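Visitor: I'm new to this one. Could you walk me through it?

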Amino acid sequence: NDKKARMRRYLVLAGLARATAAHAEFFRANYSDRETVHSIAMGSKFYDPGVISSLGEEIAAVPLHEVDDEAISRELLVLKANCRQMKMWVGDMLAHHSTLNADDFAKSFQFLEWASMECARSRNAILARVEHLAIL
């Protein structure tokens, strides 16, 4: 049945949105203070570069042209964009940690918090939309 197949796809997308938002929150929590960023950048604290590169991969692999719901597609784009920006900000913090001042770090941490909250908002919007579509 086409409706059942579409619903299965929506449920998979909801699961991917959950995983992505959780990954973004983990990411934010692990890059939340100046000392940690310095320690990671200097190599005195273990850091897996795969954590940065994999952020958002869950969603990036979704072919958006195959998502036939506009609201879900829009939120997937928002998730992708926020993950990409989070990776960029952390990469910049690690690369330039020694030249960043307290205000620069504060702005970076504020951005990471905002982006993580936006990922959670997108996750919630996708979950609500999937629930709505399941009722129809």
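What follows is a short chat about this predicted model.

Visitor: How confident is the predictor, and which element has the highest mean pLDDT?
Guide: This is a predicted model, so pLDDT, the predictor's confidence in each residue, is a good place to begin. The protein averages 92, and 100% of the residues score at least 70. Going element by element, the lowest mean belongs to α3, at 83. The highest mean, 95, belongs to α6.

Visitor: What is the protein built from, and which pattern does it follow along the sequence?
Guide: You'll find six helices here and zero strands. The C-alpha trace spans about 55 × 25 × 20 Å along its principal axes. Read along the sequence, the pattern is α-α-α-α-α-α.

Visitor: How far apart are the end C-alpha atoms of helix α1?
Guide: Helix α1 runs over residues 2–30, which makes 29 residues. At 1.5 Å a residue, the helix should span 42 Å. The model agrees with that, because the end C-alpha atoms of α1 are 42 Å apart: 42 Å.

Visitor: At the start of α1, which residue's backbone nitrogen does a side-chain oxygen of N1 reach?
Guide: Look at the start of α1, where N1 offers a side-chain oxygen. That oxygen comes to within 2.8 Å of a backbone nitrogen, and the nitrogen belongs to K3.

Visitor: Which elements help cover the buried residues of α1?
Guide: The buried residues of α1 include M7, Y10, L13, A14 and A17, and further along F27 and R28. An α-helix has 3.6 residues a turn, so residues three or four places apart point the same way. What covers the buried residues of α1 includes α3, α4, α5 and α6.

Visitor: G15 is in that helix too, so is it buried, partly exposed or exposed?
Guide: G15 lies in helix α1. Its C-alpha atom is separated by 12 Å from that of S122, which is 107 residues away along the chain. The relative accessibility of G15 is 30%, and buried would need under 20% while exposed would need over 50%. Therefore G15 counts as partly exposed.

Visitor: Which element gives the most to the largest nonpolar core?
Guide: That core has 34 residues, and I72, L76 and M86 are among those with the most contacts inside it. Elements giving two or more residues to this core are α1, α2, α5 and α6. With nine residues, the one that gives the most is α6.

Visitor: Which residues does I72 touch, beyond those up to four places away in sequence?
Guide: I72 is one of the residues with the most contacts inside the largest nonpolar core. Leaving out residues up to four places away in sequence, I72 touches Y10, L13, V67, I126, R129, V130 and L133.

Visitor: How many disulfides does the structure hold?
Guide: C83 is buried, with a relative accessible area of 1%, and C119 is buried too, at 0%. The sulfur of C119 is the nearest cysteine sulfur to that of C83, 4.3 Å away. A disulfide needs the two sulfur atoms within 2.5 Å, so C83 is in none. The number of disulfides is zero.

Visitor: Is S108 buried or exposed, and what does it touch?
Guide: S108 lies in helix α6. With a relative accessible area of 5%, S108 is buried, because the cut-off is under 20%. Not counting residues up to four places away in sequence, S108 touches W89 and M93.

Visitor: And what share of the protein's residues is buried?
Guide: The protein has 136 residues. Among contacts between residues at least 6 apart in sequence, 79% join residues at least 24 apart. As for the buried residues, their share is 36%.

Terms used:
Residues numbered from 1 in each chain as written. Predicted model: local features only at pLDDT ≥ 70, side-chain atom pairs only at ≥ 80, totals over all residues. Heavy atoms only, no water. Helix = DSSP H or I, 4+ residues; strand = E, 2+ residues; numbered from the N terminus. Expected span 1.5 Å × (residues − 1). Buried < 20%, exposed > 50% of the residue type's maximum accessible area, 1.4 Å probe, protein only. Contact = heavy atoms within 4.5 Å. Polar contact = N/O pair within 3.5 Å; in protein donor to acceptor, adjacent residues only side chain to side chain. pLDDT = per-residue confidence, 0-100. Core = buried A, V, L, I, M, F, W, Y, C linked by side-chain atoms within 4.5 Å.
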